[in-house]
Amino acid sequence: VTAYEHLDDMSRRDVSAFWTSISKLMTKRQPMQRSKSSNNNNIGELSFEDMEYMLYTIFDDTANGIERCDMRGLTETTLGMAKIVKTLSQQSKRRGEDNSRVILRRLLLSEDMKPNERLFQFLAGASMDKLDRFDARCLSNLAYAYALIDYVPEFDDGSDLFDHIAMKAVDIIAEFNAQDMSNITWAYATVKKPHPVLFEAMGDQVVAREHLEEFDPQALSNIVWAYATSGVPHPSLFEKVANYIVESKSLDRFKPQTVANTVWAYATAQVSHPKLFQKVADAAIQREREFSNSQHVANLLWANAAMGIVDKQLFLSFVPTAAKLINTYNNQGLANIAWAYAVAGVDAPTLFNAHFINKCVAKEDGFE
């Protein structure tokens with residue numbers, strides 16, 4: 001309501017920030033619209049028609065003023081809208097859904113619940129006109145935005161947005177900080193656009209760092225995951241990251257997902273580093289109860305087995321957790337768990353019991 005009432009006075013940056021604010025509101029547990037409120041400006045007192053008119057007016061103003069946005073405004077608008085699309089895509093339509101989400105679906109998604117390609121193609125074109133002025137943060141966030149919605153805008157000359165981002169990124173590679181490197185490599189891997197020149201340059205930048213203190217655990221995990229997923233080799237990068245983790249006093253800052261994805265990346269890339277796997281195994285054993293996601297458990301155990309690293313204590317420690325999560329494994333997870341224990345030669349009757357067999361039988365159509 002406030003944005004609509006002051007739209008004429010808002011700068012282009014303010015309008016861009018509106019979409020960021022909406023994306024943040026949507027991740028909160030409370031609905032964006034309440035049924036009752038004593039505040040006359042509260043969004044909950046608006047009729048559907050009034051809210052629709054206001055959101056469409058702000059949307060039209062955003063589109064009409066996009067050419068006057070600078071690189072940060074363009075990036076913020078695209079990323080904000082992409083995050084909204086991501087949230088809406090993860091939430092199926094349901095009865096009683098608040099009006100704001102219904103309207104945002106109409107604005108930003110197509111009828112098949114995929115991103116509104118016409119809109120995001122338009123935003124990509126606007127970005128292309130000013131891409132030569134984008135800095136490292138804006139380039140990485142732009143790639144990240146399109147990866148969130150799994151959409152690669154293509155142009156009439158046969159190129160796509162990711163081609164142009166990569167070329168510009170290589171030119172200013174020294175400007176990228178740790179988070180920028182993490183975001184852009186993750187984005188390219190996510191949309192399955194491996195770009196060897198970009199990845200070599202990014203990897204060289206990481207290796208050239210005197211230390212990796214500026215990289216948080218998630219950033220390091222994302223980077224090695226991106227290289228492994230893309231199939232782009234960079235041995236010195238993997239060595240640098242592994243040595244840093246091994247030399248760390250503890251892995252307390254590494255969440256279970258980060259730990260699991262890191263060793264999964266090394267196993268997928270077939271990069272051997274026994275000290276890394278031992279460090280991760282010791283930390284995982286101590287924090288086994290923190291692993292509450294079946295995919296993280298499956299990735300951790302599969303990675304060790306795939307590299308021929310059999311820590312009996314690790315596999316035995318995770319039997320109760322793996323069994324407790326049995327109802328949440330997908331087909332690949334079930335297969336990976338069974339394969340990992342078979343390769344490790346660890347007997348686990350409390351895991352591989354009738355319940356496990358029944359789960360596999362129930363999902364038999366999904367096994368190749």
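## Rings, cores and charges in a predicted model

F315, Y341, F352 and F356 form one aromatic cluster. The model is predicted, and the turns below start from that cluster.

Trainee: Let's begin with a ring pair. What is the distance, centre to centre, between F352 and F356?

Mentor: Both rings belong to the cluster that also holds F315 and Y341. The planes of F352 and F356 stand 75° apart, and planes over 60 degrees apart count as edge-to-face. Centre to centre, the distance is 4.9 Å.

Trainee: Is F356 buried or exposed?

Mentor: Its partner F352 is partly exposed, with a relative accessible area of 27%. For F356 the relative accessible area is 7%, and the cut-off for burial is under 20%, so F356 is buried.

Trainee: Which residues does Y341 touch, leaving out those up to four places away in sequence?

Mentor: Y341 is named among the residues with the most contacts inside the largest nonpolar core, alongside F120, Y146, F176 and L300. Two of its cluster partners, F315 and F352, appear among its contacts. The full list is L301, F315, F318, V319, V346, A348, L351 and F352.

Trainee: Which helix gives the largest share of that core?

Mentor: The core in question is the largest nonpolar one, with 128 residues. Nine of its residues come from one helix, spanning residues 136-148. That helix is α7.

Trainee: Now a pair from elsewhere: how many residues apart are Y4 and Y53?

Mentor: The structure holds 13 aromatic pairs. One of them joins Y4 and Y53 edge-to-face, at 6.0 Å centre to centre and 70° between the planes. Y4 sits in helix α1 and Y53 in helix α3, so this pair links distant parts of the chain, 49 residues apart.

Trainee: Turning to charges, which residue forms a salt bridge with R13?

Mentor: Side chains of opposite charge can pair when their charged atoms come close. R13 lies in helix α2, and its partner is in the loop between α3 and α4, 57 residues apart. The closest N and O atoms are 2.6 Å apart, and the partner is D70.

Trainee: Which parts does the salt bridge of K193 and D163 tie together?

Mentor: Their side chains meet at 3.1 Å, N to O. The two residues are 30 apart in sequence, so the pair ties together the loop between α9 and α10, where K193 lies, and helix α8, where D163 lies.

Trainee: Which residues are joined with K193 into one network?

Mentor: K193 is partly exposed, at 22% relative accessibility. The network comes from salt bridges that share partners. Joined with K193 are D160 and D163.

Trainee: And where is D150, the residue with phi near 55°?

Mentor: Its phi is a positive value in a residue other than glycine. D150 is exposed, because its relative accessible area is 56% and the cut-off is over 50%. Its place is in the loop between α7 and α8.

Trainee: Last one: over which residues is the pLDDT below 50?

Mentor: The protein averages a pLDDT of 92, and 94% of the residues score at least 70. One stretch falls below 50, though beyond near neighbours in sequence it has 17 contacts in the model. That stretch is residues 33-41.

How values were computed: Residues numbered from 1 in each chain as written. Predicted model: local features only at pLDDT ≥ 70, side-chain atom pairs only at ≥ 80, totals over all residues. Heavy atoms only, no water. Core = buried A, V, L, I, M, F, W, Y, C linked by side-chain atoms within 4.5 Å. Buried < 20%, exposed > 50% of the residue type's maximum accessible area, 1.4 Å probe, protein only. Helix = DSSP H or I, 4+ residues; strand = E, 2+ residues; numbered from the N terminus. Contact = heavy atoms within 4.5 Å. pLDDT = per-residue confidence, 0-100. Phe/Tyr/Trp six-rings, centres within 6.5 Å; stacked < 30°, edge-to-face > 60°. Salt bridge = Lys/Arg side-chain N within 4 Å of Asp/Glu carboxyl O.
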